[in-house]
Amino acid sequence: PTEASGVGAFGALTLAWINRTLTFHVLRDVVYRTALTTSMIFFIFLAATAFSYFFRALYGEDLIIDFIEHMDLGPWMLIGILMLVIFLLGFFFDFLEITLIILPVFTPVIREIAPAFQEHLGLGAGVPTSVIELQVLYWFAILVAVNLQTSFLTPPFGFALFYLKGVAPRGVKIEHIYKGIIPFVILQLIGLYIVFQFPQLALWLPNQLLN
């Protein structure tokens, strides 16, 4: 993302220079806004890290695991509920907040139920528990990534909806955009189901890169 944004920034500066709108005042304003946005993002990182640290220090992970064990849910039901929670959170939160705050809460739960997915991931007998946990975490991370794609498309917070509204003709209302994204959300959910059923689609590349 940072390299892509660097190329985009260079392209924007080049276009502004070609159109003769690149002035010192404009450049100073852009740099100021960029620094402000970057500072806000890093503040979210800092706050989320502090939250995760105190959450672990106060045995929050143990509390959640005990609560889930008390609910007596099967591993498949549990991971389905986690996916549903992330999907619903995408309606109201950006992916950054979900990734930094919610995932550290879910990670120990996934580690706890990882052995139940050994056969589904195609791991044979005798595979160390640590390897099973890593494979399940990789798979879960890709599931979350595909799931979070819907957060860009689901109102009221979806970034892509506001980007589209900004470039759409005046006759296109936000209600039209809300209706238009329904097929794309369905496609995302189908993709999520495919990765859910065929985990090797998510694990093949990490296994090749990490040997």
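This tour moves through a predicted model, from the N-terminal loop to the core and then to two surface patches.

**Stop 1: a loop residue.** Begin by selecting Arg 20, which lies in the loop between helix 1 (2-18) and helix 2 (24-57). Display its backbone: Arg 20 has a positive phi of about 60° and is not a glycine. Most residues other than glycine have a negative phi. Arg 20 counts as exposed because its relative accessibility is 79%, and the cut-off for that class is over 50%.

**Stop 2: the nonpolar core.** Next, select Ile 86, Val 136, Trp 139, Phe 140 and Leu 143. In the largest nonpolar core, which has 32 residues, these five touch the most other members. To see where the core comes from, colour helix 4 (75-89), helix 5 (95-113), helix 6 (129-148), helix 9 (182-197) and helix 10 (200-210), each of which supplies at least two of its residues. Helix 6 provides the largest share of this core, with 9 residues. In soluble globular proteins, nonpolar side chains tend to be buried together.

**Stop 3: a phenylalanine pair.** Remain on helix 4 and select Phe 87, which is placed there. Phe 87 counts as buried, since its relative accessibility is 16% and the class is defined as under 20%. Now add Phe 117 to the selection and draw a C-alpha to C-alpha distance: the two residues are 22 Å apart in space and 30 residues apart in sequence.

**Stop 4: the nonpolar surface patch.** Switch to a surface representation and select Ile 182, Phe 184, Ile 186, Leu 187, Ile 190, Tyr 193, Ile 194, Phe 198 and Leu 201. Together they form a nonpolar patch on the surface, with about 950 Å² of accessible area. Which helix gives the largest share of the nonpolar patch? The answer is helix 9, with 7 residues. One residue to centre on is Ile 194, found in helix 9. Ile 194 has a relative accessibility of 36% and therefore counts as partly exposed.

**Stop 5: the negative surface patch.** Finally, keep the surface displayed and select Asp 62, Asp 66, Glu 69 and Glu 112, which form a negative surface patch. Helix 3 (residues 60-71) gives the most to this patch, with 3 residues. Close the tour on Asp 66, which is in helix 3. Asp 66 counts as partly exposed because its relative accessibility is 47%, a value placed between the buried class, under 20%, and the exposed class, over 50%.

Key: Residues numbered from 1 in each chain as written. Predicted model: local features only at pLDDT ≥ 70, side-chain atom pairs only at ≥ 80, totals over all residues. Heavy atoms only, no water. Patch = residues over 30% accessible without salt bridge, like charges linked within 9 Å, V, L, I, M, F, W, Y side chains within 5 Å. Areas by Shrake-Rupley, 256 points an atom, 1.4 Å probe, with all protein chains shown as cover. Salt bridge = Lys/Arg side-chain N within 4 Å of Asp/Glu carboxyl O. Lys, Arg positive; Asp, Glu negative; His and termini not counted. Charge placed at Lys NZ, Arg CZ, Asp CG, Glu CD. Helix = DSSP H or I, 4+ residues; strand = E, 2+ residues; numbered from the N terminus. Buried < 20%, exposed > 50% of the residue type's maximum accessible area, 1.4 Å probe, protein only. Core = buried A, V, L, I, M, F, W, Y, C linked by side-chain atoms within 4.5 Å.
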